[in-house]
Amino acid sequence: MSIKRRDFLKIVGYGVTGTILSLGGGFIIGKGSEILAMIDKQGDKKGVKWAMVIDTRAFKTEEDFEAVIQACHRAHNVPNIPDKIREVKWIWVDTFERAFPTAETEYISEEIKKRKFLLLCNHCDDPPCVRVCPVQATFKREDGIVMQDMHRCIGCKFCMAACPYGSRNYNFYPPREYLSSMNPEFPTRTLGVVEKCIFCYHRLDEGKMPYCVEASQGKMFFGNLNDPESEVRKVISENIVLVRKPEISTKPKVFYII
Amino acid sequence: MYNTGKVLIGIFIFIIFFTIPFWFNLGKVRALPKPELPKEEKKCVEDTEYMRAYHMKLLHEWRTKKIRKMQVYYMNQEGKLYIMSLQRTCMKCHTSKDKFCDKCHEVVVTHPDCWKCHIAPEEVRK
């Protein structure tokens, strides 16, 4: 059987077109699998352990604290409740004795005794609040952030009793009525749920720093504790740092440079 | 049975009388809700039929992924990426809760409590 020149050229033509098409298709599919891998990988935070270092020497005036607190509270729609016992706070200021109640204070310098300290949720490595939550509304993420799922919280206040640092606040008052301004990018909370600092997980996931760290202008440091090259590790190794109530071994991840 | 004819007619009239609302509205759909759709954006995260039937499933999936699974982006059927957020993604196009969500929810008497915490666009205080 002989083949005509015309038919031969046709067959070669089909072959070439087919190859080009399949190459193009393969390229597009390859691109797609890259995106798919990216999507699958976004929840993978193994090897990351977020931590914060606060340089208490650098916080001097009332305005230094206020700038940080306002940045957090405005962005997260934290209500400003005048009732001191039932107020809601994510980040606040207190004295040395109340921040480090079990530290030896008899002979330390007057300056440190009078110094004010920025307090927030410590995002413990072994969080007591997570252990007591009956509905797993509060849980520890793989990257160490102690999260609060407001959709699940039933307001039983067990976590408030369990937290040794007083970082948790119950919404005794309707929070929206105590807001002067609203950030439309973040939800408020509702009556009868417990809330606390969330280490700005939504910003970290998008590759940004927490609001307080940004507003502090270099007085606070944030980074991955498992990475020996990270800023927090450098700062911790260069200074003497304290954590709150180390003897109860909750392993806090907020460090204070004294 | 006495007076069968009269009784039957009576029953017939009774049935007709009590089903008057159905006869009046026969073939007309009056209560069909008309939620206001965004003008600039033609395409939602998924196609309209899917969103109409399963938007609650999608939102539930988003909230689980965002809060409990540490994910940020959602990829739709076409491979387009969206940030999973009710306030930052959905309400960017659907700029009114009253004119969109509530339109259908009120008709079918469904009252999800999303907006007790999440801020509806019309509620934003400056």
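This passage walks through a predicted model, taking a sheet in chain A, several residues of that chain, and then chain B. Residues are numbered from 1 along each chain as its sequence is written, and chains are lettered from A and ligands numbered from 1 in the order in which they are written. Because the model is predicted, local features need pLDDT of at least 70 and side-chain atom pairs count only at pLDDT 80 or more, whereas totals for chains, interfaces and linings use all residues; side-chain values use heavy atoms, with hydrogens and water left out.

A good place to begin is the open sheet of four strands in chain A, which has the order β8-β1-β10-β9 and mixed pairing. β8 (220-224) and β9 (241-242) of chain A stand at the edges with a single partner strand each, so one side of each is left without a neighbour in the sheet. Helices (H or I, at least four residues) and strands (E, at least two) are DSSP runs, numbered from the N terminus, and two strands pair if DSSP finds at least two bridges between them.

The pairings around β10(A) can be followed residue by residue. β9(A) and β10(A), the latter spanning residues 254-257, run antiparallel and are joined by two bridges. In this pairing A:Leu242 stands opposite A:Tyr256, while A:Val241 has A:Ile257 as its bridge partner. β1(A) pairs with β10(A) in the parallel sense, over four bridges, and here A:Val53 stands opposite A:Phe255.

Both faces of β10(A) are covered: A:Val254 and A:Tyr256 are buried on one side, and A:Phe255 and A:Ile257 on the other. Buried means under 20% relative accessible area, exposed over 50%, and partly exposed in between (1.4 Å probe, protein chains only). Helix α9 of chain A (residues 231-238) lies across β1 (50-55), β8, β9 and β10 of chain A, and runs at about 120° to β8(A). For this angle, axes are lines fitted to C-alpha atoms, for helices over the stretch in contact, and angles run from 0 to 180 degrees between N-to-C directions. Contact means heavy atoms within 4.5 Å.

Just ahead of the sheet's β1 comes A:Val48, in the loop between α1 (5-41) and β1 of chain A. A:Val48 counts as buried because its relative accessible area is 19%. Apart from its neighbours within four places in sequence, A:Val48 is in contact with A:Glu142, A:Asp143, A:Asn224 and A:Asn226. A:Val48 and A:Pro174, 126 residues apart in sequence, are 36 Å apart in space from C-alpha to C-alpha.

Two loop residues of chain A have backbone angles worth a look. Most residues other than glycine have a negative phi. A:His123, however, has a positive phi near 45°; A:His123 lies in the loop between β3 (116-120) and α5 (128-132) of chain A and is buried at 0% relative accessibility. A:Phe199 also has a positive phi, near 55°, and is found in the loop between β7 (194-195) and α7 (201-205) of chain A. At 2% relative accessibility, A:Phe199 is likewise buried.

Turning to the cysteines, the structure holds zero disulfides over all chains, a disulfide being a pair of cysteine sulfur atoms within 2.5 Å. For A:Cys129, the nearest cysteine sulfur is that of A:Cys163, 6.1 Å away; A:Cys129 is buried, at 7% relative accessibility. The sulfur of A:Cys159 is too far for a bond because the closest cysteine sulfur, in A:Cys156, is 6.2 Å away. A:Cys159 is buried too, with a relative accessible area of 9%.

Chain B contains six helices and two strands, arranged α-α-α-β-β-α-α-α from the N terminus on. Its C-alpha trace spans about 75 × 35 × 30 Å along the principal axes. The radius of gyration of chain B is 23 Å, where a compact globule of 126 residues would have one near 14 Å; the radius is taken over C-alpha atoms, and the globule rule is 2.2 Å times the number of residues to the power 0.38. Of the 126 residues of chain B, 25% count as buried. One of the residues in helix α3 (residues 48-68) of chain B is B:Met51, which is buried with a relative accessible area of 15%. Leaving aside neighbours within four places in sequence, B:Met51 is in contact with B:Cys44, B:Glu46 and B:Leu58.
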